[in-house]
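Trainee: I have a model open and want to learn to read it. Can we go through it together?

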Amino acid sequence: MAAAALAPATPLRFKPYSPLRFFSLYSKNLTTPHFFSPLPRRPFPFHSTIHRKRCFCSVISAALQSGERTKREFEEKKVGEMGNTVGEFRKKLKITDIKGGPDEGLDRVGQTLVNDGSCLSNMQCVMNLDAEGYDQVESGLIATGASIWVQGTLVASQGSKQKVELKVVKVVVVGKSDPSYPIQKKRVSREFLRTKAHLRPRTNTFGAVARVRNALAYATHTFFQENGFVWISSPIITTSDCEGAGEQFCVTTLIPSSREASDSLVGAIPNTKDGLIDWSQDFFGKPAFLTVSGQLNAETYATALSDVYAFGPTFRAENSNTSRHLAEFWMIEPELAFADLNDDMACATAYLQYVVRHVLDNCKEDMEFFNTWIEKGIIDRLNDVAAKDFVQLTYTDAIELLLKANKKFEFPVKWGCDLQSEHERYITEEAFNGCPVIIRDYPKEIKAFYMRQNDDGKTVAAMDMLVPRVGELIGGSQREERLGYLENRLDELKLNKESYWWYLDLRRYGSGHRRLVSYLLPYIFL
């Protein structure tokens, strides 16, 4: 038999009759499947045939037999007189593999396992009086937050809410939980969980978010790899401001590190004779910042490798306390060589529909949880994104549409304004009845310096993808390949060309006629 460890998982939102949740499972082939006929059973305090609230989730795992492993987890071979080879790594069988199958686990009756957090579903566990460790349950030693090992055999369930359950033969307490454990069996807010960030992964909501984000990351790499892109890692510390907005976090060693930073004196920062900060004494010899985007660096690789994509952390020092402004988030930044804005829009559309379909197909249980407890209608909304044709229109047409709208906006609409969320949502939700919309050809004054100027001299080849309930989800553009135009834009925006010497070199050496396009997708879901 096998064993595994679990620890309490208190969901963000509780359902009164949900079964016990166990974590990390091991599979063991048995020569004869074990079925158990119904037996008189006393309730197992943290789960029994009398349904109670779920209260456990996983932390660690191991195989147990009277407190010890019965065999080596990995087979080893003797090498020489003293050494052994490293054993073979094997994938663990998980609850999502069991309950996600066509028979919902019936085909695995007789195997030993427990839940490991790989899915939202629980494995119902039933414990009889003769099970080893039952006295620890009776005494109340196993409380919310505790970590335990559970050993048992998978059997056909006698209940109606699941097809299989775990018949427990042994429970061992690995780690007790203090009564002060903060996430108890009651509803807790996300605001509260912000103060308990180290424990919130044990809740249903954050567990589901982690699994969906994992699925999104997997789908992202799969999409680009299957379409011939090369993944590159862009620098996190940079000396240039990609967006030109100046909203960057500074990285410096000028603040003394010999004591706590909060105790550092202003006078300890080295100055020049003019009273300015002496950056020559800094680690980098000049001001350096956390990156706001890796796209310009990705261009350097696109000029050599054609289609590439960056996928990593980015940082914005925008002092705005809204759900749309984060200090740190991950950005997906593809760069396409020998392409124009039409190619950019086609790639962005194909990518978004691909990852949405992947999540809907592979995270059904988590998405149903979100649809029930977090945001009703989210599955239908995502199905629309995956299935509907995307509409495109110019910025000028979008402004005309908004001016004709029989609706009063908080922010006035005029040509040259930066569209606000209320404008974007009106276009996609009302004007086009929930269809995703791409707006293209924006005024150059509200876009970055590297975007290609259109022939009208007023707009640039830029696009924003809008989706219902969110507004802008993806932004992209065709790059300015003409060196003179690029230098003029840097001058217009009063950006230091010396900081972008390497970027200008890309136009000097070989890419003057190579068209590049890029789009950005903040890695934020829900």
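**Surface, sheet and loops**

Mentor: Start at the surface: Ile236, Ile237, Phe283 and Phe284 make a nonpolar patch of about 390 Å². Patch residues have over 30% relative accessible area and no salt bridge; like charges are joined within 9 Å, nonpolar side chains (Val, Leu, Ile, Met, Phe, Trp, Tyr) within 5 Å. A salt bridge puts a side-chain nitrogen of Lys or Arg within 4 Å of a carboxyl oxygen of Asp or Glu. Areas are Shrake-Rupley values with a 1.4 Å probe, and for residues only the protein chains shown count as cover. This is a predicted model: local features need pLDDT of at least 70, side-chain atom pairs count only at pLDDT 80 or more, and totals for chains, interfaces and linings use all residues. Residues are numbered from 1 along each chain as its sequence is written, and side-chain values use heavy atoms, without hydrogens and water.

Trainee: Is phenylalanine 283 buried or exposed?

Mentor: Phenylalanine 283 lies in the loop between β9 and β10. Buried means under 20% relative accessible area, exposed over 50%, partly exposed in between (1.4 Å probe, protein chains only). Its relative accessible area is 63%, so phenylalanine 283 is exposed.

Trainee: Which strands stand at the edges of the open sheet?

Mentor: Strands (E, at least two residues) and helices (H or I, at least four) are DSSP runs, numbered from the N terminus. Two strands pair if DSSP finds at least two bridges between them. The sheet's three strands run in the order β8-β10-β9, with antiparallel pairing. Each edge strand has a single partner, so one side is left without a neighbour in the sheet: these are β8 (237-238) and β9 (250-251).

Trainee: What is the bridge partner of threonine 238 in β10?

Mentor: β8 and β10 (residues 288-290) pair in the antiparallel sense over two bridges. For threonine 238, the partner in β10 is phenylalanine 289.

Trainee: Which residues does tryptophan 279 touch, beyond those up to four places away in sequence?

Mentor: Tryptophan 279 also lies in the loop between β9 and β10. It is partly exposed, at 23% relative accessible area. Contact means heavy atoms within 4.5 Å. By that rule, tryptophan 279 touches Cys250, Thr252, Leu254, Gly285, Lys286 and Pro287.

Trainee: What is the relative accessibility of glutamine 453?

Mentor: Find glutamine 453 in the loop between β14 (437-443) and β15 (459-467). Its contacts beyond four places in sequence include Lys444, Glu480 and Tyr485. Glutamine 453 counts as buried, with a relative accessibility of 15%.
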